[in-house]
Every structure is written in C-alpha cells, then in structure tokens.
Amino acid sequence: MIKKRILIQETNILLTSDVEPHSLLSFITKCREELKSYIRLNPDFLTSLEPLKIGEAPLIVKMMGEAANIAGVGPMAAVAGSISQLTLNFLLKNNAQHVMVENGGDVAFKINKKVIMGLYAGGSSLSGRVGFKIKPWKKLRGICTSSGTVGHSISFGQADSVTVFSSSASIADAMATSIANHATGHGSAEKVENCLAKAEEFRDHYRGVMVVVGESVGIVGKIPDLVETDKKVVLGDIFDVY
C-alpha cells in the first residue's frame, strides 16, 4: 500500500493506494492546467459566487459547473473535490482496488479495507477525538468538509465543520460549502439547525450530512458509525486516514 503526499501549488493531496502509475503527477498537472487555461478565457469562473452556464469546456470545468448548479454556489467551491474525484478515477482506470484521495479535506475513495477517518473541526471538542468508520465499498464515494472557522476558503457561516457524504466528491464539496454558508444565527444550536435546514434541499444528492458548531452537532441522513480516536489531526487535513 502506497501512502504519499502530492503537492502541486494549491493542490495538496494525501494519497493512499495499492498502485501508483508513473503518469499520475502528469495527469493531475494536466487537469490543473486545463482549469487555469479555461479561467484565463473566462475569468468569472474564478470569482463568481453563483453558478455559471458552462459551454464547451474541459472535464474538470464541467464537473465543477455541474456541482455548482446543484449546490447553488460558485464553481470554485468544487475545485478540491473535483481534483480528488478525477485523481481517483485515473487510479481506478489503472487497476487500483483500494484508493483514497484526500485534497485539503475533500476525499474521493473506493476501498476494499476498513479505514477510520478522523474529524478536524476547528476549536470544537470533537476535533481529533472522533472519527468515521468507513467500511469497504465497491462504489465510488466522496466525503467533503467545509468550515467557516478553519482555512482560507470563502464561507459566509461560522460552522467548525460541515461534512457531506455522497457518491460524488465534486458535488459533496460544493454542497458542503453551500450548507456551511448557512451556519448563521445567535447561538451554536441555531447555526446547526440552519445548516440542516439547508441540507434538506439537497437530499437527492447525498447519503448524509454532519454539522459541528462548537459543542453542538446535527446529523441528517445516514453517516458512517462514529468511533473515538486518539489520533492527532493537524490543521489543513480536515480528515486524516489511519
């Protein structure tokens, strides 16, 4: 089993896989260059906070545009999850049987072994103390987290973490951003409730959502079993894989 860090400018991938094609770095770089080339011709794609109409475009742009339309956010909200998902698809085409691609807290995976993913939720007491028990699964899955208190991504809410479990990392990434934007109100419980109310709008596109604001937690749909963990989860890796 290979476990390695891949750093390409803003892309920060923690890869766990049973194969490592020599062309993987070239593939990720190609995806990034296609996205940057599209943005040079369509600068609104980089800055828009609302969905945009996408015409002829590279696959990564189309994925991000579709996710943005579903979640009602700007397409860049799905960039990390889309890169995770494209990387996963590339490895599966190269005969991988067990792959986890974590890109800044956005995970795309298809696994044949049980793993525990630890939760990083800012200053919440749950941060680094609980994890999700992920069972072997034959289908592709995405687990993406957005936060209004951690990291540099734009968020209009104050959630410590909004974690979305879906069949698509690209869509899960955009939905996590959209839901986290609604972590507003006077207290942590109200912020959680507002997030869950927003999450209900996307029920056709996810398996479950977990929201953490301080010591308040809310869950809608079905999420993996929670387990206690004493593993250290570092800033920047919303999830770590043990």
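So, to kick off: which strand does T11 lie in? T11 lies in strand β2. Before I go on, keep in mind that this is a predicted model.

Let me stay with T11 for a moment. Its relative accessibility is 3%, and buried means under 20%, so T11 counts as buried. The side chain of T11 makes a polar contact of 2.9 Å with the side chain of R32. Leaving out residues up to four places away in sequence, T11 touches I6, I28, R32, I83 and N103.

Okay, now the sheet that β2 belongs to. We have an open sheet of eight strands, and the order is β1-β2-β3-β4-β7-β8-β9-β10, with antiparallel pairing. At the edges sit β1, residues 2-8, and β10, residues 216-221, each of which pairs on one side only. On average, neighbouring strands here are turned by 10° against each other, direction ignored.

Let's walk in from the β1 edge. β1 and β2 are antiparallel and share seven bridges; as an example, R5 has L14 in β2 as its bridge partner. Next step: β2, residues 11-17, pairs with β3 over five bridges, again antiparallel. There, S17 has V99 of β3 as its bridge partner. Then β3 and β4, residues 106-111, pair in the antiparallel sense, also over five bridges.

I want to stop at β3, which is residues 99-103. How many of its residues are buried? Five of its five, so to speak: the strand is mostly covered. And both faces are covered, with V99, V101 and N103 on one side, M100 and E102 on the other.

Yes, there is a glutamate in that list. E102 is in β3, and at 2% relative accessibility it counts as buried. What does its side chain reach at 2.6 Å? That would be the backbone nitrogen of G105. A polar atom of the E102 side chain also lies 3.4 Å from the backbone nitrogen of G104. Now look at where β3 meets β4: they form a hairpin with two residues between them, and G104 in the turn has a positive phi of about 60°. As for bridges, E102 is partnered with V107 in β4.

On to the helices that lie across the sheet. α4, residues 79-93, lies across β2, β3, β4 and β7, and it runs at about 155° to β3. α6, residues 188-199, lies across β8, β9 and β10, and runs at about 15° to β10.

Now the nonpolar cores. The largest one has 54 residues, and V162, V164 and V209 have the most contacts inside it. Which helix gives the most to this core? Helix α5, residues 169-180, with eight residues. There is also another core apart from it, of 16 residues, including M117, L119, I143 and V212. As a general point, nonpolar side chains in soluble globular proteins tend to be buried together.

If you click on V164, you can see the α5 connection: among the residues V164 touches are A172, M175, A176 and I179. V164 also touches V209, Y206 and G208.

So how enclosed is α5 itself? Well, 12 of its 12 residues are buried, so α5 is largely enclosed by the rest of the structure. That list includes some polar ones, such as S170, D173, T177 and S178. At the N-terminal end, S168 caps α5, with a side-chain oxygen 3.4 Å from the backbone nitrogen of S170. The length checks out too: at 1.5 Å a residue, the 12 residues should span 16 Å, and the end C-alpha atoms are 16 Å apart, which agrees.

Last helix, α3, residues 59-71. Its 13 residues should span 18 Å at 1.5 Å a residue, and its end C-alpha atoms are 18 Å apart, so that agrees as well. Its buried residues include I60, M64, A67, A68 and A71. What covers them? The cover includes α1, α2, α4 and α5. And right after α3 comes G72, with a positive phi near 75°.

That's my tour, thanks.

Notes. Residues numbered from 1 in each chain as written. Predicted model: local features only at pLDDT ≥ 70, side-chain atom pairs only at ≥ 80, totals over all residues. Heavy atoms only, no water. Buried < 20%, exposed > 50% of the residue type's maximum accessible area, 1.4 Å probe, protein only. Helix = DSSP H or I, 4+ residues; strand = E, 2+ residues; numbered from the N terminus. Pairing = 2+ DSSP bridges. Core = buried A, V, L, I, M, F, W, Y, C linked by side-chain atoms within 4.5 Å. Contact = heavy atoms within 4.5 Å. Expected span 1.5 Å × (residues − 1). Polar contact = N/O pair within 3.5 Å; in protein donor to acceptor, adjacent residues only side chain to side chain. Axes fitted to C-alpha atoms, helices over the stretch in contact; angles between N-to-C directions.
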